[in-house]
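Trainee: Could you take me through one part of this model in detail? I'd like to hear about the aromatic rings and how they pair up.

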Amino acid sequence: ILRHYVSLLSKLPRQAYYTLSGRHHTDLKRHISSMSAINDDEMLAQIELSEYLKTNSNSYDPKFAIVGCLPPDETGIAIFTLRQILTLPCSVDAFSPVRSSAYHLRNAVDVHKSTRGATKLHPMNSLLPLAELRDYDCIIFVVGNSEHNIESLRWMEIVSKYYPDMRIICYLHDPHCHNVAQHTKLLDSNEYLQYLEKLYLKKLPVGDAGGLEGWRAHNIAIDAGILGARIIAQMGATEILVNSSEAVRLVRADLRDSKWADTRITSLFHPVFEREPHVDSARASAKRTGKLRVGTFGGPSPAKRTELVLDAAAVLRKQGVDVEVVVAGYGAISYLENQFVFRVPEWVVGMEPRTERELQMAMVDCDVAVQLRLQNLGESSGIIPLLIGIGVPTIVSPVGAFKEYAEAVRFFDGDSPEQLAQLIAGDNTALSGHMAKYAEEHSIGKFQERFCELALDSSKAAEGGDRNV
């Protein structure tokens, strides 16, 4: 008991700092906004169900449903899911949490226009009643590791309890899913580690998690060889879909020696989407000023080795090369201000694109991109196929799923800014043909065909085992 109270007291200074710095104020505003959006979701669901029961049209007959977050959520998963729904070649019911009525209705109109009415977008609260009214072959829940995916994971568990015989596929973009799992379970760091201990039958240093700093608990779990895929199976997934053979290996290892060890895992690939309007013409007409423009995309962090990219650029500048670095992604500006103590040099540009078009236009002006990873967590990265599709030579770490980009990228393995600088300044023109070939073989059209084949092929689902499609 004394140890418990000492642990609580030790957290007070940290929590006081969070409160004084405004972090909890931001959480409160987010909570209020979320509660307001929940009311919108419930209202739209009631209106929709009433309309459905009134008309009961037989002309619209979706065979499966897809559930995931959509914009205005500022995450790659939301953008990916919307672009996928807009180009699905088969009739589908799509569900997403309503963050804003205006955004949801705009997305619904875009889906209707793009699919000519073959796919309809519904508020999340319509999922249970429509699952009762429809005879879905399966329901696919799209899950990433950010907080935007909490509702998808939570509803997956709810559906599995209401419909225990339902074929439930979790499209898991991040095999390392501790962040979304902890938030969905509503556990603090110590509670989450205790939960993992029981689930994985492993002893973890529970008392070292450090209050509400979830990343500490996640690192402890990862160091113990726990990625979190077993949580996905426990929460109702009968199958797991991932983007690479490396992710299959990691998820299979995570499920080993558990009652979910035989869960079917299927590998697709991360598709190369069509470019946004005017991106191709902007790439073709981009004026080269003699300056070497290097881009690194996605939220900057030690895990993505952003500092190493900046150090390599600094090496090139000392060598007399006119280099400009674009750091584009969520939190990029505050990251750079902290990195350079509010004196960001003129050759470093921070950007936080809010739309897919803004992101692609930022890529267009780059001569080379650098996308590194410190460790292998199985993610395939939607940024790299996007860069390949636009035609930007890209340097990546030879870890995990990144190896599957093969000849379409350059590989860098090491910690030397000098060696990375040499690779950045090297001749990358030979990549053009390989990038074009990769983009053709991994087009969104081919991806969608295989995705729908998987969703509708319930006979092969019963066979079990891993496979690539």
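Mentor: Sure, here's a walk through the aromatic pairs, with one residue as the thread. Keep in mind that this is a predicted model. Searching the whole structure turns up 10 aromatic pairs. Take Phe-64 and Phe-451: their ring centres sit 6.3 Å apart with 55° between the planes, and that pair is tilted. What does this pair link? It joins distant parts of the chain, since Phe-64 belongs to strand 1 (residues 64–67) and Phe-451 to helix 19 (residues 444–456), with their positions 387 residues apart. As for solvent, Phe-64 is buried at a relative accessible area of 0%, and Phe-451 is buried too, with a value of 0%.

Now stay with Phe-451, because its ring also pairs with that of Phe-447: here the centres are 5.9 Å apart and the planes meet at 25°, so this pair counts as stacked. The cut-off behind that label is planes under 30 degrees apart. Unlike the link to strand 1, this one stays inside helix 19, where Phe-447 and Phe-451 are 4 residues apart, about one turn of the helix. Phe-447 is buried as well, its relative accessible area being 0%. With under 20% as the limit for buried, a value of 0% qualifies, so Phe-447 gets that label.

Zoom out a little and these rings turn out to be part of one aromatic cluster: Phe-64, Phe-447 and Phe-451 are in it, together with Phe-80, Tyr-171, Phe-269 and Phe-273.

Key. Residues are numbered from 1 along each chain as its sequence is written. This is a predicted model: local features need pLDDT of at least 70, side-chain atom pairs count only at pLDDT 80 or more; totals for chains, interfaces and linings use all residues. Side-chain values use heavy atoms; hydrogens and water are left out. Rings of Phe, Tyr and Trp (its six-membered ring) pair if their centres lie within 6.5 Å; planes under 30 degrees apart count as stacked, over 60 as edge-to-face and the rest as tilted. Helices (H or I, at least four residues) and strands (E, at least two) are DSSP runs, numbered from the N terminus. Buried means under 20% relative accessible area, exposed over 50%, partly exposed in between (1.4 Å probe, protein chains only).
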